[in-house]
Amino acid sequence: MKKLFKFALVAFASAAVVVACGKKDDPTPTPTPDPDPTPDPTPEKVEPVQGTSEWSVIGALLDTNWDADFVCAENNGVFVLKNVKLEEGNEFKFRKDKDWGVNFGGEFAVLGEGFAVSQDGPNIKGIAPGTYDLYLNAALAQAAVCAKDATPTWAEPQGQSFDYVMDITDYHRNSEFHFAQPLSINTSACTMQWKFFPTKWNDYDKVDEERGYKVWCNRLGQISNSAEKGYLLRFNDGGEKGSLRFNSPVFGEPASGYVRQGENMYIWNLNEWHVLSVVADGTNVRIYDNAELIQEYAQTTGEVYATLPFERFDISMTWDDGTGYDKGQAFLGYQAFTRIWNKALTAEEVAATLCDVDNYDGLEVYWAWNLDEGHVVANLGSAAGYDLDFTKALAGGQSSYVKAEDIEGAWTDVTEVDGLAPVCAE
């Protein structure tokens, strides 16, 4: 028994030697690790290409969290932040002068195509991770997210159908808006337009039997600076019924302050739509009722400002306490739009803008009184910061604010009132 065990140990040892020898004689070389391997290159950090314009991008992106502005470059009125690396969940907005007073947001739609943005709009998000160029076309109120170095396409401005208009007969809707950043209006190259529908002219300095108090003029409104120098429209102000006193020292005034056609006061008809266009070119002022040139006179220089700092906008009259003088100047009727251009429109351009406009070039303020609900009217023109929130507008006496419910009741379906439709009849 002991001999068998010894033989087994010898046999096992011999086999082990054979195996070991086989490994030693294997001609396949064993790879040797590189003693100094080259590390993988560190990815280069993507930095946005910034500019020096007044617009910037801010958000949860580029390792920041709404605490850093990336300044856009500007090219022909279009602002861009190029080479922006976006990651999952990033979102952002555009803002002006690194301040939230003017900020644009909106719903991203299609890569490379313009989408609508608005004051205090939603954060721009939902973009797949990648490197992009971020564009803002402030004049069209559109933004675009483009592949790197691609060119955006902008949507055509949407026309206004004017299914609704604003009833400003109720003096509780008299409103005065103040703007934090005055718009400089060059009074030698500008056009003011206001589309309105009068339903009744007041009897100047008489008690109105229907309303039970003394009435004065029908004041449509005013575009002015803080010293009340500007563009004031007062119909039926001591003149003939339906006359317009063009009280506007920044442009100069026609003879006797009243708009005339020839030797007579021009009479504005009730119960029809009018587009009043006042065109100033530094030499002459031209006044139109729709496409008809009513009057042209020399633009005087006595009180004309080189630029009018547009700081206030009035609808009707807002200066008294609601008991007499202010509501006695209420404009009885409806309005469809108000516009300010930074150029003197030609007669052909005036005729082409009686409804909506196809070309927004030079259109800085465009309020379409076309809501069916709500209390904020967006500025469709290029001037940022000129949206109108009625709940922030001063009412009679300038000691209170307009109530949202009064404005909610102002929006009027044109199909429900005889004579209002079509708003854009030729």
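The following exchange asks how terms are applied to this predicted model.

User: What are the ground rules for this model, and how are residues numbered?

Analyst: Residues are numbered from 1 along each chain as its sequence is written, and side-chain values use heavy atoms, with hydrogens and water left out. The model is predicted, so local features need pLDDT of at least 70 and side-chain atom pairs count only at pLDDT 80 or more, while totals for chains, interfaces and linings use all residues.

User: Why is the contact of aspartate 205 with lysine 214 called a salt bridge?

Analyst: A salt bridge is a side-chain nitrogen of Lys or Arg within 4 Å of a carboxyl oxygen of Asp or Glu. The closest N and O atoms of aspartate 205 and lysine 214 are 3.4 Å apart, so the pair meets the rule. The structure holds 13 salt bridges.

User: Are aspartate 205 and lysine 214 buried or exposed?

Analyst: Neither word fits. Buried means under 20% relative accessible area, exposed over 50%, and partly exposed in between (1.4 Å probe, protein chains only). Aspartate 205 has 36% and lysine 214 has 37%, so both count as partly exposed.

User: What makes aspartate 281 and arginine 286 a salt bridge, and how is each residue classed?

Analyst: Their closest N and O atoms are 3.4 Å apart, so the distance rule is met. Aspartate 281 is partly exposed at 31% relative accessible area, whereas arginine 286, at 14%, is buried. Elsewhere, salt bridges that share partners join Lys82, Asp133, Lys148 and Asp149 into one network.

User: Where do arginine 234 and aspartate 237 stand, buried or exposed?

Analyst: Both arginine 234 and aspartate 237 are buried. They also form a salt bridge, with closest N and O atoms 3.2 Å apart.

User: Why is the pair of tryptophan 55 and phenylalanine 104 called tilted?

Analyst: Rings of Phe, Tyr and Trp (its six-membered ring) pair if their centres lie within 6.5 Å; planes under 30 degrees apart count as stacked, over 60 as edge-to-face and the rest as tilted. By this rule there are 33 aromatic pairs. For tryptophan 55 and phenylalanine 104 the centres are 5.3 Å apart and the planes make 35°, so the pair is tilted.

User: What does this pair tie together, and how do you know that its residues are buried?

Analyst: Tryptophan 55 lies in strand β1 (residues 55–60) and phenylalanine 104 in strand β6 (residues 99–106), so the pair ties together parts that are 49 residues apart in sequence. Strands here are DSSP runs (E, at least two residues), numbered from the N terminus. Tryptophan 55 has a relative accessible area of 2% and phenylalanine 104 has 9%, so both count as buried.

User: What makes phenylalanine 179 and tryptophan 367 a stacked pair?

Analyst: Their centres are 6.3 Å apart and their planes make 15°, so the pair counts as stacked. Phenylalanine 179 lies in strand β11 and tryptophan 367 in strand β25 (residues 363–368), so the pair ties together parts that are 188 residues apart in sequence. Phenylalanine 179, at 10% relative accessibility, is buried, and tryptophan 367, at 0%, is buried too. Both belong to one aromatic cluster, which also includes Trp194 and Tyr386.

User: How do you know that arginine 339 sits over the ring of tyrosine 366?

Analyst: A charge sits over a ring if NZ of Lys or CZ of Arg is within 6 Å of the ring centre and within 35 degrees of the ring normal. The charged end of arginine 339 is 4.6 Å from the ring centre of tyrosine 366. Arginine 95 lies over the face of tryptophan 100, at 4.7 Å from the ring centre.

Methods: Helices (H or I, at least four residues) and strands (E, at least two) are DSSP runs, numbered from the N terminus.
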